[in-house]
Every structure is written in C-alpha cells, then in structure tokens.
Amino acid sequence: MSRLLTISLPIADRQRSYAFYQDTLGLEPFGEPAEDGVPEPLQFRLDQRTSLMLVPTGGFGWVLGSRDVAPPGVSEVLLSLNVASAEAVSAVVTRMHDAGGEVLAEPAQQDWGFTAVATDPDGHAWQIIAEVG
C-alpha cells in the first residue's frame, strides 16, 4: 500500500509564504491557482509521496478544533532539508534570512555533517544539512 504524507504548517500570509518556499527554498508548488494567483490549497511537493501544505492560521485553527495553534516562536517540530554541500547550506540560510527568516544556528561543521538552522517568515524552524560522506 502506498501512503501519502502531508506536513501542514500555519502561516500568516499566503503570498509571502508562496514566494518564500518557491523562491527561497526552491520547492515546486502544485494545484490550481485561486483568485490571488496562489494555489489553493497552497502545497509544495517534497517528493513523490510527501507534500508540504501551508494553511492560513485561522483555517489551521479550525482543523485543530479545540486545540490552540502554537504562538509564533514556538516550534513543535524541526523540519530538515538536505542539500549537496556546505556551500549550499550557507547559501540557503542566507536566502532564508534575506527573505524574512531568522538564523537560529549559524552554519557549522558537526561530526555528522555541515548544518544550520533558520526559520521561514512565520517562525517555522528548518535545519539545512549537508551530510558527511
């Protein structure tokens, strides 16, 4: 049986998030555009069976029902993106910062790889990794 996985994150601004994930992280959106020109729902393909869905905070709260949406700056999950090299880690983190994200951990060599952590404009933390060898 082939299972599909969708990772959903709350966002404040569809246009800003659309531009950030497409232009900054190089992810490919899919779906039919809504009146604002952004696919609805706003989704990006991560691989053949995994997608990232970005949901406006109000809609995200509706899905959660009685549970509160985590406030900005609270991370319940760390997302990771593997890239080809240490130089690519630094380049992605620089683009993330320039696009409104915050660098939480500067690029650095670890025993297991070269890594950094930065956020998207909504404060979701991404670890960018170039694995050793």
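This passage looks at helix 3, the nonpolar core it feeds and a buried threonine in strand 7, all in a predicted model.

Helix 3 runs over residues 86-98. Its 13 residues reach 18 Å from first C-alpha to last, close to the 18 Å expected at 1.5 Å a residue. Val89, Val92, Val93 and Met96 are the buried residues here. They sit on the same side of helix 3, because they cover an arc of only 95 degrees around the axis. As a general point, an α-helix has 3.6 residues a turn, so residues three or four places apart point the same way. Flip to the face turned away from the buried side and the exposed residues Glu87 and Asp98 turn up. As for what covers the buried residues of helix 3, the list includes helix 1, strand 6, strand 7 and strand 8. After the helix comes Gly100, with a positive phi near 110 degrees.

The largest nonpolar core holds 22 residues, and those touching the most other members are Tyr21, Leu25, Leu52, Leu54, Met96, Trp126 and Ile128. At least two residues apiece come from strands 1, 3, 4, 7 and 8 and from helices 1 and 3. Helix 3 gives the largest share, four residues.

Met96 is worth a second look. Beyond its sequence neighbours up to four places away, Met96 touches Phe20, Thr24, Leu25, Gly101, Ala118, Thr119, Asp120, Trp126 and Ile128. One of these partners, Thr119, lies in strand 7 (residues 113-119). Thr119 counts as buried because its relative accessible area is 6%, under the 20% cut-off. Setting aside neighbours within four places in sequence, Thr119 contacts Phe20, Met96, Gly101, Glu102, Leu104, His124 and Ala125.

Conventions. Residues numbered from 1 in each chain as written. Predicted model: local features only at pLDDT ≥ 70, side-chain atom pairs only at ≥ 80, totals over all residues. Heavy atoms only, no water. Buried < 20%, exposed > 50% of the residue type's maximum accessible area, 1.4 Å probe, protein only. Contact = heavy atoms within 4.5 Å. Core = buried A, V, L, I, M, F, W, Y, C linked by side-chain atoms within 4.5 Å. Expected span 1.5 Å × (residues − 1). Arc of directions from axis to C-beta.
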